[in-house]
Amino acid sequence: MGKSNNKLGSVFSNGIISSNPVLKLVLGTCPTLAVSVSAFGALGMGIAVTFVLVCSNIMISLLRNVIPDKVRIPAFILIIATFVTLLQMLLQKFVPALYDVLGIYLPLIVVNCIILARAEAFASQNPVVDSALDGFGMGLGYTLAVLIMAIIREFLGAGSFFAFDFMGFSYSGEIGNLPNYALNIFTLPAGGFLTFGILIAIVNQISMNNEEKKKNKAKTDAKKIEKAKKDLDKEEVAA
Amino acid sequence: MTSSVGSIILTIVVGALLANNFVLIKFLGICPFLGVSKKTDTALGMGLAVIFVMGIASIFAWLVELLLESLNVQYLQTIAFIFVIAALVQIVEMVLKKFLPGLYSALGVYLPLITTNCAVLGVAILSAGSYPVLVDGVVQGASLGYWFLNGIFSGAGFTLAILLLAGIRERTNLELVPKAFRGFPLTLITACIMSMAFSAFSGIIG
């Protein structure tokens with residue numbers, strides 16, 4: 001029981017950290033760059049992508065033995081497009097503010113490579129619960145990455161934190177007189193490329209440092225084991 | 001009359017190539033932009049394939065949009081477009097293989113990648129903002145020509161951006177860069193500087 005729990009846990013956390021779809025695998029960059037101007041839009045996009053990812057993963061996993069191998073990609077695209085259309089209708093009806101913020105990038109979730117990649121690489125080969133968890137983890141990883149980027153860009157570009165205007169509530173999020181010193185470039189498309197590039201570089205550096213540590217640890221461990229072996233041999237000889 | 005048609009065409013061309021460049025300003029088609037830009041000749045191949053598919057896809061998307069509008073089922077737009085594009089890419093691949101093997105061997109590898117290229121779906125959805133309407137059996141509203149030109153020149157904008165990036169990358173590959181910045185990060189920062197240059201064109205068209 002404990003073992004299977006562990007497995008499910010790693011399926012879930014895989015998408016958030018070790019193979020984060022945005023920062024590690026560099027998938028789904030178009031919407032990431034586009035919606036990360038404001039934290040509110042980024043959160044909305046993250047939730048939308050997570051919804052489609054979980055639903056399509058469950059559906060594809062349920063149908064994985066029914067769909068013939070030759071037409072699987074069109075079938076996956078059709079399933080994904082159906083859920084995206086569903087989401088479009090729901091948002092347009094109930095959350096029009098978010099619908100307007102996401103604009104063209106909402107229908108473009110269909111061609112978001114993360115979703116098709118998870119359908120092909122995971123959901124088409126694994127049981128339903130695993131696939132749902134994988135979708136949820138990947139979606140959460142995506143949301144987290146976009147949100148971090150958006151918070152940085154919004155802070156530097158507009159001098160605010162989590163400004164939103166949603167269903168009658170609005171919050172400017174301006175911090176002191178920071179908006180007067182805002183660096184406009186971060187709200188421009190160029191700022192998106194810059195933030196994303198530097199963020200990936202930071203993640204690369206961190207993972208390189210970790211690997212170095214692991215290598216060093218493995219070296220010292222190997223030395224310890226050898227030393228212990230030698231001590232054992234000495235004791236045996238002495239005995 | 002001719003001058004107004006000319007100015008519309010000029011607006012489309014300048015807008016799609018420079019001021020509203022698909023990759024650098026609208027963030028569409030970033031995946032192939034980053035992935036297939038290591039060398040100028042592969043970048044050119046990808047760019048030509050995108051122009052080709054975008055032009056044809058725009059024509060078919062126009063027909064589909066006309067059909068959807070006249071049947072009053074616009075909510076099927078996303079599904080219909082992606083299906084038309086996926087089918088179209090398959091057909092184009094088969095036709096090229098059969099009749100133009102030379103062009104096929106040049107573009108062949110890139111064609112399947114284009115199905116999930118959001119630039120192609122993007123141009124159809126963006127064009128659909130000015131959709132055609134059927135009034136008494138006569139097509140009114142946005143013309144086929146507008147969609148087609150928009151498709152072709154958006155593709156040309158993509159090609160321009162990816163070619164420029166590939167040219168820069170061929171040179172930066174020879175430079176000594178900090179380890180963490182090699183690969184994607186440096187490419188993204190290059191794209192940032194290019195994007196700054198392109199956004200300077202935004203004042204040209206009103």
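**Helix packing and chain contacts**

Student: Which hand does the crossing of α3(A) and α4(A) have?

Tutor: α3(A) and α4(A) cross in a right-handed sense (the near helix is turned clockwise from the far one by less than a right angle; anticlockwise would be left-handed). Helices here are DSSP runs of H or I with at least four residues, strands are runs of E with at least two, and both are numbered from the N terminus. The model is predicted, with local features requiring pLDDT of at least 70 and side-chain atom pairs pLDDT 80 or more, whereas totals for chains, interfaces and linings use all residues. Residues are numbered from 1 along each chain as its sequence is written, while chains are lettered from A and ligands numbered from 1 in the order written.

Student: At what angle do the axes of α3 and α4 of chain A cross?

Tutor: The axes of α3 (residues 39-62) and α4 (residues 72-94) of chain A cross at roughly 140° and come within 9 Å. Axes are lines fitted to C-alpha atoms over the stretch in contact, with angles from 0 to 180 degrees between N-to-C directions. α3(A) and α4(A) are therefore oblique to each other (not under 35, over 145 or 65 to 115 degrees, the ranges for roughly parallel, antiparallel and perpendicular).

Student: And which residues make the contact?

Tutor: From α3(A) come A:Ala48, A:Phe51, A:Val52, A:Cys55, A:Ser56, A:Met59 and A:Ile60, and from α4(A) come A:Phe76, A:Ile79, A:Ile80, A:Phe83, A:Val84 and A:Leu87. Contact means C-beta atoms, placed from the backbone, within 7 Å. The residues of this contact comprise 12 nonpolar, 1 polar and no charged (nonpolar: Ala, Val, Leu, Ile, Met, Phe, Trp, Tyr, Cys, Pro; charged: Asp, Glu, Lys, Arg; polar: the others, Gly among them).

Student: What does A:Val52 touch?

Tutor: Leaving out residues up to four places away in sequence, A:Val52 touches A:Ile80, A:Phe83, A:Val84, A:Leu87, A:Ile109 and A:Ile115.

Student: Another pair, then: how do α7(A) and α8(A) pack?

Tutor: Helix α7 (residues 128-158) of chain A packs against α8(A) at about 130°, the axes being 10 Å apart. α7(A) and α8(A) are therefore oblique to each other, and their crossing is right-handed. A:Met149, A:Ile152, A:Arg153 and A:Gly157 of α7(A) meet A:Gly191, A:Gly192, A:Thr195, A:Phe196 and A:Leu199 of α8(A). The residues of that contact are 4 nonpolar, 4 polar and 1 charged.

Student: How many residues are in contact between chain A and chain B?

Tutor: On chain A, 34 residues are in contact with 30 residues of chain B. The elements giving two or more residues to this side of chain A are α2 (29-35), α4, α6 (113-123) and α8 (189-238). α8(A) gives the most, with 13 residues. This side of chain A divides into 26 nonpolar, 8 polar and no charged residues.

Student: Turning to chain B, which elements follow one another?

Tutor: Chain B has 9 helices and 2 strands, in the order α-α-α-α-α-α-α-β-β-α-α. Residues 24 or more positions apart account for 78% of the contacts in chain B with a separation of 6 or more.

Student: Is B:Phe33 buried or exposed?

Tutor: B:Phe33 counts as buried because it has 27 C-beta neighbours inside 10 Å (buried needs 20 or more other C-beta atoms within 10 Å, exposed 12 or fewer, partly exposed in between). B:Phe33 lies in α2 (residues 30-35) of chain B. Apart from neighbours within four places in sequence, B:Phe33 is in contact with B:Val23, B:Ala161, B:Ile162 and B:Leu165.

Key
Two residues are in contact if their C-beta atoms, placed from the backbone, lie within 7 Å.
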